[in-house]
Amino acid sequence: LLVLEKLGEQFPSPDDKTVSAEYSKLKRILEGKTDTYILGLSAMENDEKNAAMQLLSFLVMYAVLARVKYLPLFSFRMVQLTLRYGVCKESAIGFASFGFLLCGSFNDIKGAYHCGQLALKLMEKLQAKEYMARIHVMVFGSIHSWVAHHRLSLKPLENAYRGGMRCGDTQYALFCAHQYYIHAFQCGEELSALEKEIKTFGDQMLENKQDLFSKYAQVFRQTVLNWMGCCNDPLKLTGVAMDQDQLLNNALENNHMSLVYVIHHSRSYLAFAFGHYELASDFAEQGQNILDSGCSPTFAVVTHAFVYGLISFVLAGKTHQIKWKTNAFKCLKKMEVWSESAPSNCLHKLLLLQAESAVLLGENSTAAIKYNAAIKMVEDSGFIHELALIHERAAVFYSEQGDTSKACHHYGQAHVVYLQWGAKGKADDLRINCPF
C-alpha cells in the first residue's frame, strides 16, 4: 500500500461503507461506456499508472486466493485507472476481477458475465496470453457457469492450466487445474478417469509447493474414491488419498475455512447419498455457516443449496420439524433464481426440489410430473450423476406410493446410471438396500 501511495494511489480502510461507496462511484463512471468504447481506448502511457496497474494486478490475484478484504477496492481502482488513463494488459485482470466480485458479493450475474466476456476480449486484443491462467480462473472458474453450461468451462480451464505451466505462471496454472477438477466432478465426469487426473494434479501441486491446493485435491480425490467404493467407510474421508481427522484439524488450526467447507460439503453429499440424513444435515449446517460468512462467487453455492435442500425436504417429511421445512423452501427459492440465469445447470435441480416439495405437501400427481420433467431435463443437460440421483428419489417416491412397477424401473435406472458414472460403491449400496 505504501508503494501504491507513492504511485499516487491511496486506499481507505476496506469497511462495508467504503466498499459500497466505491462500487456506486464506479457504476456511475461506467454508465454509457460500451464495450466498443472500452476496447477502443488508447494505450496507457503514464508510466506511474502502468506501474500501479502491474502492482494492483499482483495484489488482486493474491486477494482472490487469500480472500483479502481489499479485493473490491483494488479491483475497482484497476477499472477506474483503465477508463481514465487507457488500457494495458493488466486491464483484462481488472475487468475479470470486477466480474468475479459482481457474481459474488454484489449478486449481479448479468453484469458479472458481461465483465468476464470483456476481460477475454481485452486479453485477446492486448495479446496478454501470459495472464491467461489468471483471467480464466476468474472468468471460467467462477463467472461463466452462472450463465453458460458448466461443462463449457472445462476446456478453457484445462487450456489455461497448460498455458500457465508453459509460461511459468505455475501458481495460477494450478489454480486453474484446481477449478477444472472441481467443475469436472460437479458435471458428473466419469469417476475413475477423474480420480487419476486429480492425483496427477495433486502430485504437481506438491512438487510446486502449492500445499493448500494439494490438500483440496486430496479431499476431492478421496471423495471420488468413496463414491467408487474404494474405501472402508463411505461416510468418512479417510483412505488412500487422505486422513480426514488430520486434514480437518490442520485446516481449522490454520483457519483455512474454504477447505473446511469442502470437507463438510463432501461428507454431507455422501451421507445423504448413503441414507444417513441426520448426519448429512449436521455437515450441511456446518458448511452453510461457512458460506454465510462470505459471498462465494463459485458454483459451489449451487451444489450446496441443492444437496442441503434435498436433505431438508427428507427430514421435513420424517421429523415434521418446521426448521427443515423452512430451510427446504429457502433452498428451493435460491434455485428458482439461479435457474433463470443458468437453466442448463440449475433447472433439473429445481425440478427435483419441486418434486420433493410436492411430496412433502401431499401433491402426489404434481410430484410425479416434476420427477419426469427433471429426468428429461437432466438427460438433455448431461449431468449423469444427478440423473442417477433423480431416478433414485423417484424410486423412493413410487415405493412409498405402493407403485412397485415404477419403483423398480427407477431403482434399476438409478443403478445403471450410477455404474455409468463410475460410482460402484453407491451402486452396490443401492442394490443391497433396494426394498425389492
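**Notes on cysteines, aromatics and one helix pair**

1. There are zero disulfides in this structure, taking a disulfide as two cysteine sulfur atoms within 2.5 Å. Bear in mind that this is a predicted model, where local features need pLDDT of at least 70, side-chain atom pairs count only at pLDDT 80 or more, and totals for chains, interfaces and linings use all residues. Residues are numbered from 1 along each chain as its sequence is written, and side-chain values use heavy atoms, without hydrogens and water.

2. Why is cysteine 103 not bonded to cysteine 115? The closest cysteine sulfur to that of cysteine 103 is in cysteine 115, 10 Å away, which is too far for a bond. Cysteine 103 is buried, at 7% relative accessible area (buried is under 20%, exposed over 50%, partly exposed in between; 1.4 Å probe, protein chains only).

3. On to the rings. Tyrosine 181 and phenylalanine 201 make a stacked aromatic pair, 6.5 Å centre to centre with 25° between the planes. For Phe, Tyr and Trp (its six-membered ring), a pair needs centres within 6.5 Å; planes under 30 degrees apart are stacked, over 60 edge-to-face, the rest tilted. Tyrosine 181 is buried at 0% relative accessibility, and phenylalanine 201 is buried at 8%. Both belong to one aromatic cluster, which also includes Tyr269 and Trp421.

4. Tyr269 turns up again in helix 14, where Tyr269, Phe272 and Ala273 meet helix 20 residues His385, Glu386, Leu389, Glu392 and Arg393. Contact here is heavy atoms within 4.5 Å; helices are DSSP runs (H or I, at least four residues), numbered from the N terminus.

Methods
Helices (H or I, at least four residues) and strands (E, at least two) are DSSP runs, numbered from the N terminus.
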